[in-house]
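Dear colleague,

I am handing over the structure below, and after it you will find an account of what turned up when I went through it. Please read the notes with the coordinates open beside you.

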Amino acid sequence: MGQPQPILEPLTPAAHFLVATIEPGGEAVARDLLAELPGLRRAIGFRLPGAGLGCITGIGSAAWDRLFGGPRPAELHEFPGYDGPLHHAPATPGDLLFHIRAQAHDACFELAMAIGDRLAGVGAIVDETVGFRYFEQRDLLGFVDGTENPEGAFPDSAAGVAALIGAGDPDFTGGSYVIVQKYLHDLPAWRALPVQEQERVIGRTKLEDFELDEADKPADSHIAVNQVIEPDGTEREILRANMPFGSIREGEFGTYFVGYSATPRTTEIMLERMFLGTDEATHDRILDFSTAVTGTLFFVPPQDFFDDLPAPPAADTAVEPAGKAAVQPGPAPSADGSLGIGTLKRSST
Ligand code: HEM
């Protein structure tokens, strides 16, 4: 199995997420950046001993075909987006994801800046989110987030089995799929809810983070909706690396959802259940207080992929017509190339 990118490493206190699009004609520069990334990370990380700087890089479906010829990751496709009766999960543009993580923000920022410099003129950063660790690994709803993640640092650990591609796709073992979504919380509405009711929304107690008894756990609680059991009794799992983010000035309080999985199908089943409902619930109640404003799916190659990138595609498929490249349904980039979601307030749902 190829050595994975640092997906299985424990969560760090700081993270910086960049989602970028590549302009038509910018493919060669994007390839140069991908090839340079391991060296960039080493150079910046070495100057900051103890920072534990890491970068997990993902490549979107349309970008893959523009950047590489040869075999394709079997399950790489565009994020479908979900339109539930009440809540929506938009699919938004993104060719490259950089999930930069470290013990401190300066290390993350330095690498983010180097990436931005190299993409200048050939790409746009369509979303940038600075995530931080909050008290006791809580999200901004005040609940501990990450408890039931599968554990272990090795490919054959529970976390590795959930997150890493195995023998099923031999060209890409050690790779992963990641879905990222930026959620904004309606904190005034959440705070107006008594703690006991909040616990029924999540399905765990707030202070101690204990799972509610089956009898007390509503079918539309977040954890009931996301416990996906196969007919043979096995549970489908993903590895989450969510980070809180926010802006006091903008009144934005959010969770950057990051779900790594060996197959994107598992995360998609969870999202279908959250947004479209289950046999017992119309939707996940966490969505009454959380609005998804982005959503993109990326393939995360194993680490050695960057040391020896596959050859580019044949020339006639390398550049898509202007305006078509990597654009998916979702908000159109604004004139400055951003999604214009930096100040997006919770839309009514
Ligand atoms: C569990 C928060 C979005 C999948 C949890 C827990 C919290 C939480 C507090 C309970 C503790 C834990 O086990 O981690 C949030 C927030 C979200 C969010 C604030 C954004 C609004 C999502 C999404 C998915 C997801 C989009 C899947 C696509 C899960 C899973 C569990 C979980 C699989 C564990 C269920 C179990 O086995 O008990 N989440 N989550 N979450 N969440 Fe989320």
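**The nonpolar cores**

The largest nonpolar core has 65 residues, and within it the residues that touch the most other members are L34, I59, F98, I100, I115, W190 and F275. Helix α3, which spans residues 105-119, is the element that gives the most to this core, contributing seven residues. Separate from it there is a second core of 25 residues, in which I7, V180, L239 and V300 are included. As background to both, nonpolar side chains in soluble globular proteins tend to be buried together. Please keep in mind throughout that this is a predicted model.

To take one member of the largest core in detail, F275 touches, once residues up to four places away in sequence are set aside, Y82, G84, P85, H87, H88 and A89, together with Q181, Y183, T282, H283, L287 and A292.

**The chain as a whole**

The protein has nine helices and 14 strands, and of its 349 residues 54% count as buried. Among the contacts between residues at least 6 apart in sequence, 78% join residues that are at least 24 apart. The accessible surface comes to about 15,200 Å², and carbon and sulfur atoms account for 55% of that area.

**The ligand and its iron atom**

The ligand carries an iron atom whose only protein donor is H222, through NE2, at 2.0 Å. This histidine belongs to helix α7, residues 222-226, and a polar side-chain atom of H222 also lies 2.9 Å from a nitrogen atom of the ligand. In total 26 residues surround the ligand, and the closest of them are G146, T147, E148, H222 and R240. Two of these residues approach ligand oxygen atoms through their backbones: for G146, a backbone N or O atom lies 2.5 Å from an oxygen atom of the ligand, while for E148 the separation between a polar backbone atom and a ligand oxygen atom is 2.9 Å.

Helix α7 also holds N226, and a polar atom of the N226 side chain lies 3.0 Å from the backbone oxygen of H222. Beyond its neighbours within four places in sequence, N226 is in contact with M270, M274 and D284. Why does N226 count as buried? Its relative accessible area is 15%, and the label applies because that value falls under the 20% cut-off.

**Two buried residues in other helices**

V201 sits in helix α6, residues 195-202, and is buried, with a relative accessible area of 0%. Leaving out neighbours within four places in sequence, its contacts are W190, L193, D220, S221, H222, R285, I286 and F289, a list in which the iron donor H222 appears. The C-alpha atoms of V201 and P218 are 7.7 Å apart, with their positions 17 residues apart along the chain.

W64, in helix α2 (residues 61-67), is likewise buried, at a relative accessible area of 1%. With neighbours within four places in sequence left aside, W64 is in contact with I59, P71, R72, P73 and L76, and also with F172, F299 and F305. Of these partners, I59 is one of the residues that touch the most other members of the largest core. W64 and F298 are 234 residues apart in sequence, yet their C-alpha atoms are 9.4 Å apart in space.

**Backbone angles to look at**

Most residues other than glycine have a negative phi, and it is against that background that two positions may deserve a look. Q137, which is not a glycine, has a positive phi of about 55° and is found in the loop between β6 (123-132) and α4 (158-163). D209, also a residue other than glycine, has a positive phi near 65°, and its place is in the loop between α6 and α7.

Which of these two loop positions counts as buried, and which as partly exposed? Q137 is partly exposed, at 38% relative accessibility, whereas D209 counts as buried, because its relative accessibility of 10% is under the 20% cut-off.

With best wishes

Conventions: Residues are numbered from 1 along each chain as its sequence is written. This is a predicted model: local features need pLDDT of at least 70, side-chain atom pairs count only at pLDDT 80 or more; totals for chains, interfaces and linings use all residues. Side-chain values use heavy atoms; hydrogens and water are left out. Helices (H or I, at least four residues) and strands (E, at least two) are DSSP runs, numbered from the N terminus. Buried means under 20% relative accessible area, exposed over 50%, partly exposed in between (1.4 Å probe, protein chains only). Contact means heavy atoms within 4.5 Å. Accessible areas come from the Shrake-Rupley method with a 1.4 Å probe; for residues, only the protein chains shown count as cover. Donors are N, O and S atoms within 2.8 Å of the metal (3.2 Å for Na, K and Ca); water is not among the atoms, so sites may look incomplete. A residue is near a molecule or strand if one of its heavy atoms lies within 4 Å of it. A polar contact is a pair of N or O atoms within 3.5 Å; within protein, one must be able to donate a hydrogen and the other to accept it, and residues adjacent in sequence count only if both atoms are side-chain atoms. A nonpolar core is a set of buried Ala, Val, Leu, Ile, Met, Phe, Trp, Tyr and Cys residues joined through side-chain atoms within 4.5 Å.
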